[in-house]
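Visitor: I'm new to this structure and would like a close look at a single part of it. Could you take me to the place where the ligand sits and talk me through it?

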Amino acid sequence: MNDLSITEQQMATAIRVLTMDAVEKANSGHPGAPMGLADVASVLYNRFVHIDPSADRWADRDRFVMSAGHGSMLVYAINHLLGFDDMDVSQLQNFRQLGSRTAGHPEYGHAKGIETTTGPLGQGIATSVGMALAERLQLARFGDELVDHYTYVLAGDGCLMEGISHEAIDLAGHLGLGRLIVCWDDNGITIDGGTELSTSTDQCARFEAAGWHVQRVDGHDHEAIAEAISAARQHGDKPSMIACKTVIGKGAPNKAGSHKVHGAPLGAEEIAATRAALNWPHAAFDIPDDVRQSWLAIAERGKQKRMAWEARLQAHPQRDEFVRGQETASMADLLPAMNEYKKKLSNEAPKIATRKASEMALDVLNDVIPNPLGGSADLTGSNNTKSHNMTSVTRGNYAGDYVHYGIREHGMAAAMNGVALHGGFFAYGGTFLAFADYNRPAIRLSALMGVPVAYVMTHDSIGLGEDGPTHQPVETVASLRAMPNLLVFRPADAVETAEAWMMSATSTCTPTLLCLTRQNVPLLRTTHVEENLVAKGAYVLREADGGRDVTLFASGSEVSLAMDAADMLAKSGVKAAVVSAPCFELFAQQDDAYQAMVRGTAPRVGVEAAIRQGWDLFLDRGDGFVGMKGFGASAPAADLYRHFGITAEAVAHQAMMQLGREELA
Ligand SMILES: Cc1ncc(C[n+]2csc(CCOP(=O)(O)OP(=O)(O)O)c2C)c(N)n1
Ligand SMILES: [Mg+2]
């Protein structure tokens with residue numbers, strides 16, 4: 001054991017030295033956390049973690065999340081030492097440089113072995129809850145022959161101070177995610193100085209109160225760390241938190257323990273002193289063979305474990321089901337049932353809220369896709385997210401497929417990211433659209449990482465009525481449309497809602513967000529077509545016979561207003577086309593000719609019960625817009641639409657103004 005710990009000490013030293021040298025070379029970065037956590041990480045990897053760098057997506061690998069993402073060099077140093085083929089020494093030497101895989105903060109998809117993007121503090125720990133949840137759910141479906149892994153997290157003071165940590169900890173404790181193990185880097189330091197400047201919380205008590213198993217260790221005592229992790233692993237159905245007392249920047253003789261080592265290079269002098277103190281005579285980026293071999297042995301152990309797992313999978317009666325569950329559903333899988341459903345809708349023309357239409361679409365969809373995982377932040381009955389045969393996930397019933405995330409929008413969104421990153425499930429979750437701001441930092445990471453989760457956001461405008469301006473989105477849709485790599489759908493009727501869900505369920509690297517009405521809307525797509533028109537983002541719903549005098553553009557609940565306005569204009573001899581625009585982002589991806597055809601050359605009027613921002617995709621500066629200019633109010637929906645002047649008459653009137661004509665007939 002002694003020998004082991006001597007080598008392990010050197011394994012930790014390798015992390016420390018690679019970190020300080022890479023940060024020095026980049027003249028930028030955060031040496032403190034990786035140096036302080038080097039012992040915890042070395043023990044964790046050396047004795048517990050099972051991953052195979054030659055098969056980085058192996059489904060039964062342990063998940064490792066560096067929640068304190070500023071400590072990215074810890075991840076890069078480890079992945080380099082483990083022999084990941086995309087993390088050679090040049091990557092470390094180009095830390096934080098354009099085109100390298102070693103981004104300032106670890107980014108999912110930039111390099112193998114990065115399980116999630118971290119950097120916005122608190123996201124990592126909250127995302128890991130979703131990973132640990134997916135692991136429990138998968139275990140319940142396939143058993144421990146196929147599912148036998150842990151989720152390990154390193155989290156700093158910052159992660160635990162962030163509000164999202166409360167939601168994450170509470171949810172994980174409640175659901176009994178026993179294979180989630182969080183090591184807290186209890187170094188008492190953040191950027192401004194000592195943590196006593198800004199917090200007095202007893203973190204251990206806080207985790208205990210949320211139902212976690214809690215231990216405290218000296219984060220530089222390898223045997224104590226190992227014992228704690230062993231105990232955490234064996235601790236039944238409580239998630240575990242290990243408070244690891246560490247010294248930030250450990251190893252740097254003069255700067256360790258100070259906030260000065262948090263986010264600045266050590267400098268040549270301190271680096272030389274650190275080398276001497278650590279008894280590390282090797283040049284920068286030079287790792288002695290025996291140390292490298294010790295790290296590579298971890299990779300080899302993982303490979304053996306992975307190969308044994310592959311053999312079990314091949315022989316497993318649920319093999320095909322397991323493999324299929326790891327993949328996104330294909331459009332071909334959905335088409336037969338969804339086309340039949342669309343046809344039925346066009347025939348029956350139900351006048352229903354799009355949130356209800358969403359539930360009906362999910363009733364069909366969830367029977368076809370292999371692995372839906374629904375949920376809502378305590379608004380199940382309002383978001384209509386629980387489809388007909390879904391059952392609730394509870395502590396002890398992980399066979400369920402519907403998560404009651406509680407009133408934790410932010411935690412829900414991060415957990416959904418974690419579920420998607422873990423694999424095995426198509427995760428969607430609901431709340432009111434106005435509360436998208438409570439989800440937003442995690443939605444942003446869904447988009448940045450390109451994980452295909454789906455957000456079901458109901459009550460999407462003043463059309464929700466009496467709950468008033470606190471609940472009425474006005475700027476929300478525009479702000480979400482501003483986010484790169486997020487598809488925002490605002491379907492007009494039940495058919496468009498079904499089509500939006502088809503796009504959502506088959507999306508592979510783009511999250512989707514459905515904005516759905518509380519109020520009933522008429523069915524506009526009365527002629528069945530197999531083509532998914534929502535896929536084009538916007539399309540001509542009604543062409544003007546004999547050329548357009550004006551084109552009316554609308555999304556969601558306002559499309560029917562535009563149709564009514566077109567009828568009114570017809571009575572005045574004005575030929576109006578109506579364009580339904582359920583997804584701006586998809587429209588922007590269409591070729592120029594298609595966009596030009598849809599936009600037309602006639603004067604235009606846009607209508608949406610929201611602000612105009614973003615509508616320049618369809619409208620020119622001089623074109624008209626009927627929408628909101630400020631916050632809404634509390635009243636029945638019909639009164640609000642009249643009060644704020646979002647009516648068919650107003651749209652028709654605006655069209656007449658565009659044409660320089662005074663009065664409607
Ligand atoms: C949401 C968010 N807010 C602020 C920051 C900027 N920031 C990066 S690290 C840090 C301090 C983190 O302290 P701690 O987790 O204790 O890390 P340590 O100093 O111990 O490495 C802050 C405020 C951030 N990355 N994310
Ligand atoms: Mg700290």
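Guide: Sure, let's start with ligand 1 itself. Keep in mind that this is a predicted model. Around ligand 1 there are 15 residues, and the ones that come nearest are His 70, Gly 119, Gly 158, Asn 187 and His 262. Sorted by class, that shell holds 6 nonpolar, 7 polar and 2 charged residues.

Now zoom in on a few atoms. Begin with Gly 119, one of the nearest residues: a polar atom of its backbone is 2.8 Å from a nitrogen atom of ligand 1. Leu 121 also brings its backbone into play, with an N or O atom that lies 3.1 Å from a nitrogen atom of the ligand. Asn 187 uses its side chain instead: an N or O atom there is 2.6 Å from an oxygen atom of ligand 1. As for how covered the ligand is, ligand 1 taken alone exposes 590 Å², and the protein buries 75% of that.

While you have the model open, here are two helix pairs to pick out as well. A pair of packed helices is described by the angle between the axes and the distance between them. Take helix α2 (residues 32–47) and helix α3 (residues 72–81): their axes come within 10 Å and cross at roughly 40°. That angle makes α2 oblique to α3, and their crossing is right-handed. Further along, helix α14 (residues 354–368) packs with helix α19 (residues 494–506) at an angle of about 50°, the axes being 9 Å apart. So α14 and α19 are oblique to each other, and the crossing of α14 and α19 is right-handed.

Definitions and conventions:
Residues numbered from 1 in each chain as written. Chains lettered and ligands numbered in written order. Predicted model: local features only at pLDDT ≥ 70, side-chain atom pairs only at ≥ 80, totals over all residues. Heavy atoms only, no water. Near = heavy atom within 4 Å. Polar contact = N/O pair within 3.5 Å; in protein donor to acceptor, adjacent residues only side chain to side chain. Areas by Shrake-Rupley, 256 points an atom, 1.4 Å probe, with all protein chains shown as cover. Nonpolar A, V, L, I, M, F, W, Y, C, P; charged D, E, K, R; others polar. Axes fitted to C-alpha atoms, helices over the stretch in contact; angles between N-to-C directions. Helix = DSSP H or I, 4+ residues; strand = E, 2+ residues; numbered from the N terminus. Parallel < 35°, antiparallel > 145°, perpendicular 65-115°, else oblique. Left-handed = near helix turned anticlockwise from the far one by under 90°.
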